[in-house]
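Got your viewer open? Let's take a walk through this one together, one selection at a time.

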Amino acid sequence: MASLRRSLESYYGDPEREAAMDAFYAPFVRPGDLVLDIGAHVGDRVGSFRRLGARVVAVEPQPLCLRALRAIHGDDDGVTLVEAACGGRAGRVRLHVNSANPTVSTASADFLRAADGAGGWEDESWDAELSVATTTLDALVDAYGEPTFVKIDVEGFEDEVLAGLSRPPAALSFEFTTIGRPVARRCLDRVRALGFDRYNLALGDEMTLSLPAWVSAREMVAHLRALPHEANSGDVYCLSRPLRGQAGPEARAPAR
């Protein structure tokens, strides 16, 4: 519980951070939208999506994180909590748990191998395992409706999550790490095949897009390849159609 308490202290109780998060997500999420939060952890993004007026389906496999989510959002009729991992097919998967830092628990054995000995990851230890149920994005859409935005943050398992999606929402984000660039490349291949054609990114926990304009998949691949190892992580944002209210040249797809 001490590690979870650190997460709660980091992600809650900072009005400036919450305001910045709401402003950042506002172009993607409007009142009445449905958002799928895949890898909800302790739910700070859930809180932002709810402040923006969206309904949220929050998917999280870690029992301790689910306790926090139920305590914070369990009485909110606009939030549905799903205790599961998300992947390419329904079933079960082995979750590697980092007890000291649950935010980097992962279902990807490749992620553990990439982190082993990597700069910035020396102190991380995955010291427990759980067998957890899996669902798919398509199954969630069938159960809860078409989302406007999907947020995916699952520590190197993002490509598996996207393998379970067959129809694109207006926008989605997926986390990347500099120790797992091949995962990001596979994610970009998948979302491009689904019909996404504009991309941007946010580094770390910054609530701002790093690039001045939305770029093509090819340009995003090159940008991720050029990032220094020290950049560590961030999120790629993908559009399948222009953001609502967007006009001018950025509303058009760049060359692929």
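Before the first click, one term: two strands pair if DSSP finds at least two bridges between them. Also keep in mind that what you see is a predicted model.

**Stop 1: strand β1**

Select residues 34-38, which make up strand β1. Is this strand mostly covered or uncovered? It's mostly covered, with five of its five residues buried. Now turn on the side chains: L34, L36 and I38 point one way, while V35 and D37 point the other way.

**Stop 2: the partners of β1**

Add residues 55-59, strand β2. Five bridges join β1 to β2, and the two run parallel. To see how they line up, find L36, which stands opposite V57 in β2. Then trace the chain from β1 to β2: on the way the path goes through helix α3 (residues 44-51), and this β-α-β crossover is right-handed.

Next, select residues 149-152, strand β7. How many bridges join β1 to β7? Four, and this pair of strands also runs parallel. Here the spot to look at is V35, which stands opposite F149 in β7.

**Stop 3: salt bridges**

A search of the whole structure turns up 16 salt bridges. Let's visit some of them.

Stay with β1 and β7 and select D37 and K151. Their side chains form a salt bridge, with the closest N and O atoms 2.7 Å apart. This one links distant parts of the chain, since D37 sits in strand β1 and K151 in strand β7, 114 residues apart. Are the two partners buried or exposed? Both D37 and K151 are buried.

Now pick D76 and R50. This salt bridge has its closest N and O atoms 2.8 Å apart. D76 lies in the loop between α4 (63-73) and β3 (79-82) and R50 is in helix α3, so the pair ties together parts that are 26 residues apart in sequence. As for accessibility, D76 counts as partly exposed because its relative accessibility is 23%. R50 is partly exposed too, with a relative accessible area of 27%.

Move on to helix α5 and select D110 and R113. Their side chains meet in a salt bridge, 2.2 Å from N to O. These two are three residues apart in the helix, so about one helical turn separates them. D110 is partly exposed at a relative accessible area of 47%, whereas R113 counts as exposed, at 56% relative accessibility.

For the last salt-bridge selection, click R17, D44, R45 and D205. What links these four residues? They are linked in a network of salt bridges.

**Stop 4: T106**

Finally, select T106. You'll find this residue in the loop between β5 (91-97) and α5 (109-115). Why does T106 count as buried? Because its relative accessible area is 0%, and buried means under 20%.

Now show what surrounds T106. Leaving aside neighbours within four places in sequence, T106 is in contact with R94, L95, H96, F111, L112, W126, V154 and E155. Zoom in on E155 from that list: the backbone oxygen of E155 lies 2.6 Å from a polar atom of the T106 side chain.

That's the end of the tour. To go round again, start back at β1 and its parallel partner β2.

Terms used. Residues numbered from 1 in each chain as written. Predicted model: local features only at pLDDT ≥ 70, side-chain atom pairs only at ≥ 80, totals over all residues. Heavy atoms only, no water. Buried < 20%, exposed > 50% of the residue type's maximum accessible area, 1.4 Å probe, protein only. Polar contact = N/O pair within 3.5 Å; in protein donor to acceptor, adjacent residues only side chain to side chain. Contact = heavy atoms within 4.5 Å. Right-handed = clockwise from strand over helix to strand, strands pointing away.
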